[in-house]
Amino acid sequence: MLVAVLLPFIIAMIIPFLSKWKHTIHTGYFVTIVPVIVFIYFARYLGHGFEPVSREYAWIPSLDMNILFYLDGLSLLFVLLISGIGALVAFYSIYYLHKSEQLGHFYVYFLIFMGSMLGVVLSDNVFVLYTFWEFTSLSSFLLIGYWNYKKESRYGALKSMLITVFGGLSLLGALVFMTVLTNTTSIQEMINQQQLILNSDFFPLILCLLLLGAFTKSAQFPFHIWLPDAMEAPTPVSAYLHSATMVKAGIYLVARYSPMLSSNDWFFIIVSTMGIITLCWGSYMAVRQTDLKAILAFSTISQLGMIMAMLGFGTKVAVFAAVFHILNHATFKGSLFMVAGIVDHEAGTRDIRKLGGLMTFLPITATLAVFASFSMAGVPLPFLNGFYSKELFFDAAIHLEVTKEGFIGLLRTILPYLAVFGSIFTFVYSMYFFFGTFRGTAKIDQLPKKPHEAPIGMLISPLILVLGVVIIGLFPHLVNEPFIAHAASAVKGVEIEKHIKFWHGITTPLIMSLAVLVFGTILALSRKIWQPVYNFVPGVLSMNKFYDGTVDRLEIYSEKVTKGYMNGSLSRYVRLILAAIIVITFAFMAITGGFSVDTDHLSRVSLPAVFVAIMMVIAAVGTIITNNRITAILILGVVGYGLSMLFVLFRAPDLALTQLIIETVTVALFLLVFYHLPKLRTKNETASTRTLNLVISIGFGALMTMIAISSHSSKWFDSISSYFIEKSHSLGGGDNVVNVILVDFRGLDTLFEIVVLGIAAMAIFGLVRLRNRKEED
């Protein structure tokens, strides 16, 4: 299982070497193999007798941070969607993206995102989940901004990053709270201790932080604004991220924690309310759009709201319907995004005002679109899978297992009506998408190029998805018992068996579906008549304006604050940094009782040690007053070598050896770059500046002295030095304690220090090359 998750990352590292042959063989062919392998690996778990599978791999055992993967019905559903849709999208991109594009970049981002999503849905360790969660935000940022030469792409990528990372930080807060309360990092163990969390005083905060992370990721109102702007990404990205995977990460998070949280009334209130509002608002705003992908973006928002609302309902029917619709939505929405990409690719525009009558020119694409859009609309036909989950949604909305009193009772009363309202506009935007694009009079003269049917390779992926729509509609039992029922049971925490069939008789959900069909048809036919309503609702109000205003004001205020202290003077920056350290550290020591002096167990100070210390002081002062660079370097070396002698005198030979090596390397490095060092000269500074420098230098020296004294005098906890001395040989395999600490006990920290230095070196190298190139020009 670990190999399946890491495979996309491994291939991503190989892709840059393969892209050199992209003009011979499209890179997408190599990439398509990866999700196919992952899909085949996990597909073997399908079946009636499926049982959850757990795999644990050691990572940081001392911190209880092992990589723990947990495959149950819910994660299996998402894994198959991630890999299955990923394979189709990768194949579709072969024909959508020309070989002249930066294919190496695209497929590296694509594979990183795929691996990150697999990690999110399989991780049982909350911090491993969070790591993969943020990788999805980073990789989606790169994918959305793939065409970085477009201002709209950069804007959409930045907006998605700001909103989803903000939600990710909120999620991290919730995970930390739950880890501290339950003393475990395992999600399943947390669910087993649900009463401990539900009865905690921090539960309201945990619930808000967790749902904030989920709502931002799954584009719930009012955080939905990033999704339409993300449509500036290439269509394969839209089809993958925004129909089947990334936007459903928030759905997955709520579903995963539902066994723990769904028994709380506030979970029902918040999740159901936000879901139903998102459904209504997204479907209402979709009809206002003129860009095909914008229509689909708002339709995705509405569909995600519908799924979120059902998870909030929490009943067996609602949970089953939510899980079923996750699958259905991936099939018809993925195919519709690909259809929009074909129209854009073959007609040269996505503006629905210029489109129409394309069925004559793109007959196969139009046929695929009619099945997918009618399924999304929930048209009651037995070969459209969207109708089944839509009817289950209505059934769940009228059979809520909550009290009839107070606000919850009011919410229970209005939810069915809001469900119908949102579904009516879902029908309208579905018809708007299909008939506005493929029916009516063709406007060939308004198109950038004459449309024609897409190549067969571009049609294969949407064709497979539409076949999924039809097959699931005709034979729902093929997906029900093998994994839909298992997924619903994992969400609810109890066994769920639901028989899916088309005809249930004349029932209330059927009447609601027929009402949607009738009123939706009326509104679709009269759309141009009532279209001016958008001038009043939302009118000039817009969450985008609020976002843009907030970001702009933050930039303005940040610039003002920054200009208040950033004047280009390095000495001023150093003074500010040191002054802040002095004030904060002294304040902390004063509050915590750090000003304590204990002279017990101190080594005797010998005359040679005093002599060495005096020499170090003289050398330190000498570095300040000398104007010769060689002299300054050598005198600075005296300070370092003097410290090594002190270590020897106080019987710390390992520290002395380490200090000698560091000081030798430092002096040699200064001599190597001697030619590039600036000439030393006396600065003509004002008396006030010299006084301030003197105060800061004395204050910082006093601070370091007090920290050294306090570290010896303040015994807040047992010293760790004895542990290092005892375990240096047995655990680290060495007798030089300092080296063992650096290499073994602090190996991870040292590794990241090396990585930081390596990144800094590459940045400096890049700047030097850029400067040399400019000089040549």
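## Aromatic rings in a predicted model

The charged end of R44 lies over the ring of Y41, at 4.4 Å from the ring's centre. This arrangement comes from a predicted model, and the rest of this report turns to contacts between aromatic rings.

A pair of aromatic rings is described by the distance of the centres and the angle of the planes. A search of the whole structure gives 39 aromatic pairs. One of them joins F42 and Y45, a tilted pair with 6.4 Å from centre to centre and 35 degrees between the planes. F374 and F435 also form a pair, with ring centres 6.5 Å apart. Their planes stand at 50 degrees, and this pair is tilted because the angle is neither under 30 degrees nor over 60. The contact links distant parts of the chain, as F374 belongs to helix α16 (residues 363-377) and F435 to helix α18 (residues 406-438), with the two positions 61 residues apart in numbering.

How buried or exposed are the four residues of these two pairs? The table lists the relative accessible area of each.

| Residue | Relative accessible area | Class |
|---|---|---|
| F42 | 0% | buried |
| Y45 | 13% | buried |
| F374 | 19% | buried |
| F435 | 40% | partly exposed |

F374 counts as buried because its 19% is under the 20% cut-off. F435, at 40%, is partly exposed because this value lies between 20% and 50%.

Aromatic residues also gather in a group: F106, Y107, F110, F113, Y146, W147 and Y240 make up one aromatic cluster.

Definitions and conventions: Residues numbered from 1 in each chain as written. Predicted model: local features only at pLDDT ≥ 70, side-chain atom pairs only at ≥ 80, totals over all residues. Heavy atoms only, no water. Phe/Tyr/Trp six-rings, centres within 6.5 Å; stacked < 30°, edge-to-face > 60°. Buried < 20%, exposed > 50% of the residue type's maximum accessible area, 1.4 Å probe, protein only. Helix = DSSP H or I, 4+ residues; strand = E, 2+ residues; numbered from the N terminus. Lys NZ or Arg CZ within 6 Å of the ring centre and 35° of its normal.
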